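These are my notebook entries from an afternoon of looking things up. I wrote down what I searched for and what came back.

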2 protein chains.
Amino acid sequence: MNIENTQSQMRKGILEFCILSVIRRGEAYPSDIVEEMKAANLNILEGTLYPLLTRLKNAEMLTYRWVESNSGPPRKYFSLTPKGEAFYGELEATWNELANAVHALTKK
Amino acid sequence: MNIENTQSQMRKGILEFCILSVIRRGEAYPSDIVEEMKAANLNILEGTLYPLLTRLKNAEMLTYRWVESNSGPPRKYFSLTPKGEAFYGELEATWNELANAVHALTKK
DNA sequence: TATAGTACTATGCAACACAAAGTACTAATC
DNA sequence: GATTAGTACTTTGTGTTGCATAGTACTATA
């Protein structure tokens with residue numbers, strides 16, 4: 001029981017929401033996602049990001065296309081499906097409810 | 001990949017923070033904790049609460065005493081140890097950082 | 001050709017919320 | 001007194017995901 005572990009636990013379920021938020025704003029490939037999240041003080045590791053993107057794709061929330069890169073290997077650009085768009089709305093509501101509940105409970 | 005599962009994942013690590021918050025405000029027994037959390041729209045199940053309280057006790061964040069009840073079986077009243085108090089401070093900082101990061105990323 | 005940088009894939013583990021089943025104590029009812 | 005109901009706590013097993021690690025593949029550069 002230490003703070004690093006608890007932080008990791010706290011991130012579960014939330015990273016999914018964050019990733020969809022980044023992609024929802026515009027087609028993005030994994031490094032884009034990493035950069036945007038890092039800019040918001042959310043560091044995500046490839047061991048988490050790639051399987052998560054794969055799960056989201058398999059669940060039909062995301063779709064992707066390969067784009068040749070002019071400075072390295074090809075990149076996988078992801079975008080939201082309509083199903084992913086709807087799911088995003090649910091995630092947003094769920095997160096807001098949770099955050100508000102925690103705020104209400106801990107700030108009294 | 002559905003909203004109920006994601007909600008459950010989102011709660012991981014957070015419930016610990018909430019429980020310590022309730023107990024920090026004053027000695028409490030499990031049903032007290034359930035009621036206070038329910039009032040804040042955070043429902044916690046016994047299968048989660050009791051093992052969590054046990055983990056916190058085993059990690060020396062909590063201590064407890066038995067109190068006879070005048071309307072049923074005895075109750076286990078929990079309170080924070082100094083170590084638990086310090087850990088709470090870390091949890092609060094960690095949660096705030098995470099919540100702020102998510103807000104920054106998703107509300108732009 | 002070998003190396004470096006970039007991009008992506010696969011696998012195994014630890015931890016916790018959830019679900020369910022069970023034990024124990026006390027008061028009320030028969 | 002025996003049984004039932006309500007309250008309180010304990011135990012166990014499962015599924016999921018972030019983390020950690022190792023690996024493959026593509027392109028540019030030396």
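**Entry 1: the DNA strand**

I started at DNA strand D, where a polar backbone atom of G47(A) sits 3.3 Å from a base nitrogen. That fits the cut-off for a polar contact, which is a pair of N or O atoms within 3.5 Å; within protein, one must be able to donate a hydrogen and the other to accept it, and residues adjacent in sequence count only if both atoms are side-chain atoms. Next I looked up R55(A), and one of its polar side-chain atoms lies 3.2 Å from a phosphate oxygen of DNA strand D. On the other chain, N5(B) puts a polar side-chain atom 3.0 Å from a sugar or linking oxygen of DNA strand D.

I then asked which elements give two or more residues to the surface near DNA strand D. From chain A I got helix 1 (3-11) and helix 4 (46-58), and from chain B helix 1, helix 3, helix 4 and strand 2 (75-80). My helices (H or I, at least four residues) and strands (E, at least two) are DSSP runs, numbered from the N terminus. Helix 4 of chain A gives the most to this surface, with five residues.

A note to self on the basics: this is a predicted model, so I kept local features to pLDDT of at least 70 and side-chain atom pairs to pLDDT 80 or more, while totals for chains, interfaces and linings use all residues. Residues are numbered from 1 along each chain as its sequence is written, chains are lettered from A and ligands numbered from 1 in the order in which they are written, and side-chain values use heavy atoms, with hydrogens and water left out.

Back to the strand: there are 29 residues around DNA strand D, and K12(A), Y29(B), Y50(B), R75(B) and K76(B) come nearest. (Near means that a heavy atom of the residue lies within 4 Å.) Sorting the surface by type gave me 12 nonpolar, eight polar and nine charged residues. Here Ala, Val, Leu, Ile, Met, Phe, Trp, Tyr, Cys and Pro count as nonpolar, Asp, Glu, Lys and Arg as charged, and the others, Gly among them, as polar. Of the atoms of DNA strand D within 4 Å of the protein, 74% belong to sugar or phosphate, and bases supply the rest.

**Entry 2: where the two chains meet**

How many residues does each chain bring to the contact? I found 41 from chain A and 41 from chain B, with contact meaning heavy atoms within 4.5 Å. The area buried between them is about 3,700 Å², and carbon and sulfur atoms give 75% of it. (Buried area is the accessible area, with a 1.4 Å probe, that two parts lose on being put together, summed over both.) On the chain B side, M1(B), M10(B) and L105(B) lose the most area to chain A, together 22% of what that side buries.

I counted zero salt bridges between chain B and chain A. A salt bridge needs a side-chain nitrogen of Lys or Arg within 4 Å of a carboxyl oxygen of Asp or Glu. I did get six residue pairs in polar contact between the chains, both residues at pLDDT 80 or more. Helix 5 of chain B supplies the largest share of the side that touches chain A, 13 residues.

**Entry 3: T94(B)**

I picked T94(B), which lies in helix 5 of chain B. Is T94(B) buried or exposed? T94(B) counts as buried because its relative accessibility is 10%; buried is under 20%, exposed over 50%, partly exposed in between (1.4 Å probe, protein chains only). Its side chain reaches the backbone oxygen of E90(B) at 2.8 Å. Beyond neighbours within four places in sequence, T94(B) is in contact with I3(A), Q7(A) and M10(A).

**Entry 4: helix 2 and the salt bridges**

Helix 2 of chain A (residues 14-24) has 10 of its 11 residues buried, so it is largely enclosed by the rest of the structure. Among the buried ones are F17(A), C18(A) and I19(A).

My search of the whole structure found eight salt bridges over all chains. One joins the side chains of R24(A) and E85(A), at 2.5 Å, N to O. R24(A) is in helix 2 and E85(A) in helix 5 (residues 82-106) of chain A, so this pair ties together parts 61 residues apart in sequence. In chain B, R24(B) forms a salt bridge with E85(B), with the closest N and O atoms 2.5 Å apart.
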